[in-house]
Amino acid sequence: MFDEKVSEPTEFYSHFKAFHELMAIKIREILLVSSPYDAFIIEEDTSLASQIINEYSGLNLSQPPRVTRTSSAREALALLERKRVDMVLTMPHLDDMDAFSLSLEIKKRNAQLPVILLAHSIRSIYPLPESWNCSGIDRIFIWSGNSDLLLALVKNAEDSLNVDFDTQRAMVRVLILVEDSPAYYSSILPLIYKEIVKQTQAVLQGGLNEEHRLLLMRARPKILLARNYDEAMALYQKYRAFLFGVISDTRMPQGGRLKDDAGFVLLSQIRSEIPDLPLLLMSSEPGNKKNAEQIPAAFIDKNSPNLLDELHEFFLTHLGFGDFVFRMPDGREIERATNLHELEMMIAKVPDECLWHHANHNHFSRWIMARSEFTLASTIREADASEFQNIEEIRTYLISRIHRLRKWRQKGVVARFNDLYFDPDAMDFIKIGQGSLGGKARGLAFMSALLHEQQELHEKYPGVNILIPKTLVICTDGFESFVDQNDLRHFAKEGYSDREIMESFLKADMPEWLIRDLTAFLRRVKYPLSIRSSSLLEDAHFQPYAGIYKTYMIPNNHPDFGTRLRHLMQAIKLVYASTYYESAKSYSRSISTQPQEEAMAVIIQQLVGQEQGEFFYPTMGGVAQSYNFYPVEPMAPEDGVASIALGFGKTVVEGEKALRFSPKYPQVTPQFSSVDDILENAQRSFYALRIKNYPEELHFDTYSNLERRQVDEAEEEPSVKELSSTYIPEEHRIRDTGYMPGPKVLTFSSIIKHDIFPLPALLGDLLSLGRKSLGCPVEIEFSVNLRSERHRKGDFFFLQVRPMAFEVERFKVQITQEELDHAICRSNQALGTGIKEHIEDIVYVKPDEFSSESTVQVAGEVAKINADLLAQQRPYLLIGPGRWGTADRWLGIPVQWKDISGVCAIIELRNEKLKADPSQGSHFFLNITSLGVHYITVTEGAGDHLDWEWLLSRPVVKETPFLRHVKPEKPLTVKIDSSKSQCVIVLQEDAEPDQLDLAQSCQWWLGK
């Protein structure tokens, strides 16, 4: 039994979804037909509609039904013709027609419509008409002023209408009540419903989120009422596979005759067929307790003054509600479990005799069944304890099954953090607070749910776990509470430096409720953490805010818990502070939003990586896009592009050296065309988190607390060996292995050539899935951990998904041959679409003065000129070598967005001084494209052209050591044909007139 192959639990994929379909038929409209006197009596007792609403609210049930009243049977029939009604409640005394005749007329019109006779007392309806069983009355209830009856009769009708579908669709359980007296079942049925609902709510306190709890409430046991032995036996035979228990009176009709022992006979037969089914015999004669013991079944005296308490005890003891009480065979209690996590922990340590006692009596399956986990409960129930070889095999079987359930029911669900039920091993995505998740976390939650449904994708890549890192989100109300409590809202205005904002936020106090929850969270989480921004506007279409806000990494392994908590709090405050930094304000101005409109959620995420010496980092991180702006043969733009790097993906998003490839053509790598190209372009440094021998005060201001390491220093670490090739100097050759002597070169050949991990194919599938799901091109950030065992592949972690921010070509732009001939600049690698005109300022890096060592100074000079032009509202053309916005000063100019926020178009020069690959994949690049800034790559000497002679002859407005600000004699026009990625920059009179008219007519599309 235990050695069976355990496949991926596909039943859990549909389990949660199935609950959405339960209780499909609801009682929403009730028609009450009563004489004015009866209506007055009910109103005197209490308002019928108000009581129903109050009962629903008190038990946290949704959508209470509405009640429509009429005093005339004929008016009731007319109402049924005009109005939808889900249930008819009729009182016995009507002026124009008796209730039994009315019910027959109703059934002629709608045979499925429940009709309930509600009487004040037995005497008011007895003696019943001889033909009442043939009338349209479905049930008779006795109204004694107990408002609980209203809930019971509505729910009982709903149960009868839904039981067939719900049992077949989701294996919902059935509880049968057998009672022939309307007076008795009118009092007992409300007690049972209230107990069922309250007990179900109690065990669901550990539910994942509000939706999860409401859905599981739909899966509560159905209660079916039988009025005699024959009805009970018919229900038993029909729903035998779904029975939860049977509660039966002792004396009842059997075969048309009243028999004193019919209940005893019924339960005895059921016990002989289902030995462990909970059974309860009820009787007003105490002597029948001996008969109950003979069955055996529990017994309750109907006349007991403690009837409610005894019924409550039956539910706890026999039906699996309440705690699971571990007992020895002699009944001695030794442990208790309140939830599945505790049950799993207790099973691992209770004595063998105790475990055998409960397994042999199906106590585990019954308790799990009460928590609406029908699949697992049925599986455990079918596993006969006697078939296992020994008690340890039973123990292992139960633990593995429960653990799989706990883990898989979390997939794709955003659960609310609860200190009592938080289980870091099983819970993948949780939140603190009531506000928004923010854009980045929302995207992660969406992908978590989407991946949960993609069973075929998981099966396609055996040996690869496709995961979202374990995630806790502090919702935006945490930020709102923090800034309001500490009076920090004024920092949204202009005039404050980033350092002023940072220091004020670090000095501020966190809200007590947030400290309490984060303390409880951190006590159970010991792995390294990433603290990331998730603002309201982040990762939105056409305004991604990529890289604008801050991310920090912490080791979270300091021996002092107070230090760990302080590190976490500092990182959160710094993320909050970045909401009001100048970069965020500049970007907000560019898209015409106000900083005070922004609110920040924070993602606290398990950091992806592996311990390697004193450091922690993933095998590789990267970015993939479903649209490639710079395809080379045989690639097409729609094939997408990926950039990967050793260690954390910061290397890629900061625009440093990384490997670019198309997932469809992974072996086409132009930057690695020759040995010399590989040696020149290969990644030389990477980012890692120090997790040993780090200072008490973390370096949050340096690489977000990461360290930039040289690949040469880490040649002996497993990840470097796995991704490297070895250079053989004497042969000027590179061997595709990192496991031989010699200098290491990061070529990723094991991935893109030898397929030790199916990254290219997997990225292709995930990009396709993301594009279909978001309805637009997408970008994903990811990390990969390769496993040390060669026969196992590794883990792929989704870190982020967002829409790609670029304008779809809305207007066809044609570039004429004349424009190409007269162009000041032309390029075949241009990003953007449409026309930008009236550019009257050019800022360029002086080619004779520039050197790679001067890029930081150049960035500072650009920022000053940008501020001047921005103040004058003069958009400008910016020209310079290498990658704009890179964090690697040796690859280009390391500006931030705030340093160039007034730019209209950018030319990125590739020449012998700096020959970096285009910037796509970096956060800077993403924000540039999102704002519609035309981005032009000019590779000098390769067909592209920039007229330096003309440029150098322009009159100078301002000059700095490395920059020159000049004005053309006439305004410039930039035209991009996005279908060809082709661009020309011409003097305005050289642009085609019809194109100018087109540009002027659609300025609002393209921006100036």
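Student: What share of the contacts in the chain with a separation of 6 or more comes from residues 24 or more positions apart?

Tutor: The share is 73%. A contact here means heavy atoms within 4.5 Å. This is a predicted model, in which local features need pLDDT of at least 70, side-chain atom pairs count only at pLDDT 80 or more, and totals for chains, interfaces and linings use all residues. Residues are numbered from 1 along each chain as its sequence is written, and side-chain values use heavy atoms, with hydrogens and water left out.

Student: How many helices and strands does the chain have, and what makes a run a helix or a strand?

Tutor: There are 35 helices and 47 strands. Both are DSSP runs numbered from the N terminus: H or I with at least four residues for a helix, E with at least two for a strand.

Student: Why is T651 called buried?

Tutor: The relative accessible area of T651 is 1%. Buried means under 20%, exposed means over 50%, and partly exposed lies in between, using a 1.4 Å probe and protein chains only. T651 is under the 20% limit, so it is buried. The residue lies in helix 25 (residues 650-653). Leaving aside residues up to four places away in sequence, T651 touches A645, L646, E656, K657, Q683, S685, F686 and Y687. Across the chain, buried residues make up 60% of the 1008 residues.

Student: Why is S71 called partly exposed?

Tutor: S71 has a relative accessible area of 39%, which is between the two limits, so partly exposed is the term. S71 sits in the loop between strand 2 (66-70) and helix 4. It touches S34, P36 and L94, not counting residues up to four places away in sequence.

Student: What makes T702 partly exposed, and where does it lie?

Tutor: The value for T702 is 37% relative accessibility, again between the limits, so T702 counts as partly exposed. It lies in the loop between strand 27 (685-690) and strand 28 (707-710). T702 and Y552 are 150 residues apart along the chain, with 9.9 Å between their C-alpha atoms.

Student: Why are helix 4 and helix 5 described as roughly parallel?

Tutor: Helix 4 (residues 73-82) and helix 5 (residues 99-109) pack at about 15°, with axes 11 Å apart. The axes are lines fitted to C-alpha atoms, for helices over the stretch in contact, and angles run from 0 to 180 degrees between N-to-C directions. Angles under 35 degrees count as roughly parallel, over 145 as roughly antiparallel, 65 to 115 as roughly perpendicular and the rest as oblique. About 15° is under 35 degrees, so helix 4 and helix 5 are roughly parallel.

Student: Which residues make that contact between helix 4 and helix 5?

Tutor: A73, L77, L80 and E81 of helix 4 meet L102, E105, I106 and R109 of helix 5. By class they are five nonpolar, no polar and three charged. Ala, Val, Leu, Ile, Met, Phe, Trp, Tyr, Cys and Pro count as nonpolar, Asp, Glu, Lys and Arg as charged, and the others, Gly among them, as polar.

Student: Why are helix 21 and helix 23 called oblique?

Tutor: Helix 21 (residues 498-507) and helix 23 (residues 561-577) pack at about 140°, with axes 9 Å apart. That angle falls in none of the other three classes, so the pair is oblique. The contact is made by I501, M502, F505 and L506 of helix 21 and Q570, K573, L574, Y576 and A577 of helix 23. These residues divide into seven nonpolar, one polar and one charged.

Student: What makes helix 22 oblique to helix 23?

Tutor: Helix 22 (residues 512-523) packs against helix 23 at about 125°, with axes 11 Å apart. About 125° is again left to the remaining class, so helix 22 is oblique to helix 23. L514, I515, L518, T519, L522 and R523 in helix 22 meet F561, R564, L565, L568, M569, I572 and Y576 in helix 23. That contact has 10 nonpolar, one polar and two charged residues.

Student: How do you know that N556 is buried, and what is its phi?

Tutor: N556 has 3% relative accessibility, under the 20% limit, so it counts as buried. Its phi is near 55°, a positive value in a residue other than glycine. Most residues other than glycine have a negative phi. N556 lies in the loop between strand 20 (551-554) and helix 23.
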